[in-house]
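Open the model in your viewer and keep the selection panel at hand. The tour goes from one selection to the next and says what is there.

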Amino acid sequence: MPVPPRSTGGRWSLAALIATLIPLALVVWLPVTSEVSVDSSGLTTETQRTLLASEGASVLGVLAVPVLVAAIPLAASGTRRSRQARIGAAIALGLCVVLGAMTVGVAYVPATMLAIVAASRDQRPTLPEARPEPLRPGY
């Protein structure tokens with residue numbers, strides 16, 4: 001079971017995951033395609049459909065890839081490889097944006113930016129500054 005994000009990098013990774021879920025939800029609820037048909041009597045009918053309704057369930061598989069990529073750092077949180085997972089996820093989300101730039105890739109730009117911020121945050125705890133001990137007389 002993954003450890004809840006306690007570091008700033010983990011919180012940013014969680015924000016990136018939430019940002020990847022937003023386009024997925026929009027595909028299900030918002031109409032993105034429109035069809036206009038005219039019958040022989042001249043009556044025009046406009047039909048608006050969601051991407052899910054027009055393209056089928058296969059679009060969910062494509063949109064699930066960035067979500068799974070953004071979930072990797074959260075699954076690796078609390079391990080020695082959590083920083084590498086955040087860096088890898090930021091790179092992979094960037095590739096998703098570039099490869100899907102002509103379609104839905106642009107919707108993942110905010111998630112990619114959040115993943116980059118998460119990757120730049122160091123998860124290692126900072127140690128307090130060492131204070132020099134006062135000099136003792138006679139030494």
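What volume does the largest cavity have? In this predicted model, the largest cavity has a volume of about 40 Å³. The count of cavities of 30 Å³ or more comes to two.

**Stop 1: the cavity lining**

Select Ser13, Ala16, Ala70, Pro73, Arg86, Ala89, Ala90, Leu93, Ala115 and Ala118, which line the largest cavity. Colour the selection by element: H1, helix H3 (58-75), H4 and H5 each give two or more residues to this lining. H4 supplies the largest share, four residues. By residue class, the lining divides into eight nonpolar, one polar and one charged.

**Stop 2: helix H5**

Now select residues 109-120, which form helix H5. H5 has 12 residues and spans 17 Å from its first C-alpha to its last, close to the 16 Å expected at 1.5 Å a residue. Show the side chains of Ala111, Thr112, Ala115, Ala118 and Ala119, the buried residues of this helix. Turn the view to look down the axis of H5: the buried residues fall within an arc of 115°, so they line one face of the helix. To see what that face meets, add helix H1 (8-29) and helix H4 (82-99), against which the buried residues of H5 pack. Ala115 and Ala118 are buried residues of H5 and are also among the residues that line the largest cavity.

**Stop 3: helix H1**

Keep H1 and hide H5. H1 has 22 residues and reaches 32 Å from first C-alpha to last, close to the 32 Å expected at 1.5 Å a residue. Its buried residues are Gly9, Gly10, Ser13, Ala16, Leu17, Ala19, Thr20, Pro23, Leu24 and Val27. Ser13 and Ala16 also appear in the lining of the largest cavity. Bring the surroundings back: the cover over the buried residues of H1 includes strand E2 (44-50), helix H2 (51-55), H3, H4 and H5.

**Stop 4: Ala92**

Select Ala92, which lies in helix H4. Is Ala92 buried or partly exposed? Ala92 has a relative accessibility of 24%; buried means under 20%, so Ala92 counts as partly exposed. Add Val69 and draw a distance between the two C-alpha atoms: Ala92 and Val69 are 7.0 Å apart in space and 23 residues apart in sequence.

**Stop 5: the whole chain**

Zoom out and show everything as a cartoon. The protein chain contains five helices and two strands, and along the sequence they follow the pattern α-β-β-α-α-α-α. Of the 139 residues in the chain, 28% are buried. Among contacts with a separation of 6 or more, 58% join residues 24 or more positions apart.

Notes
Residues are numbered from 1 along each chain as its sequence is written. This is a predicted model: local features need pLDDT of at least 70, side-chain atom pairs count only at pLDDT 80 or more; totals for chains, interfaces and linings use all residues. Side-chain values use heavy atoms; hydrogens and water are left out. The expected span of a helix is 1.5 Å times one less than its number of residues. Buried means under 20% relative accessible area, exposed over 50%, partly exposed in between (1.4 Å probe, protein chains only). The arc is that of the directions from the helix axis to the C-beta atoms. Contact means heavy atoms within 4.5 Å. On a 1 Å grid over the protein atoms alone, a cavity is a set of points where a 1.4 Å probe fits but cannot get out, and a pocket is an open set with protein on both sides within 12 Å along at least five of seven lines; lining residues have an atom within 4 Å of a point. Grid points are joined across faces, edges and corners, and a volume is the space filled by probe spheres set on the points. Ala, Val, Leu, Ile, Met, Phe, Trp, Tyr, Cys and Pro count as nonpolar, Asp, Glu, Lys and Arg as charged, and the others, Gly among them, as polar.
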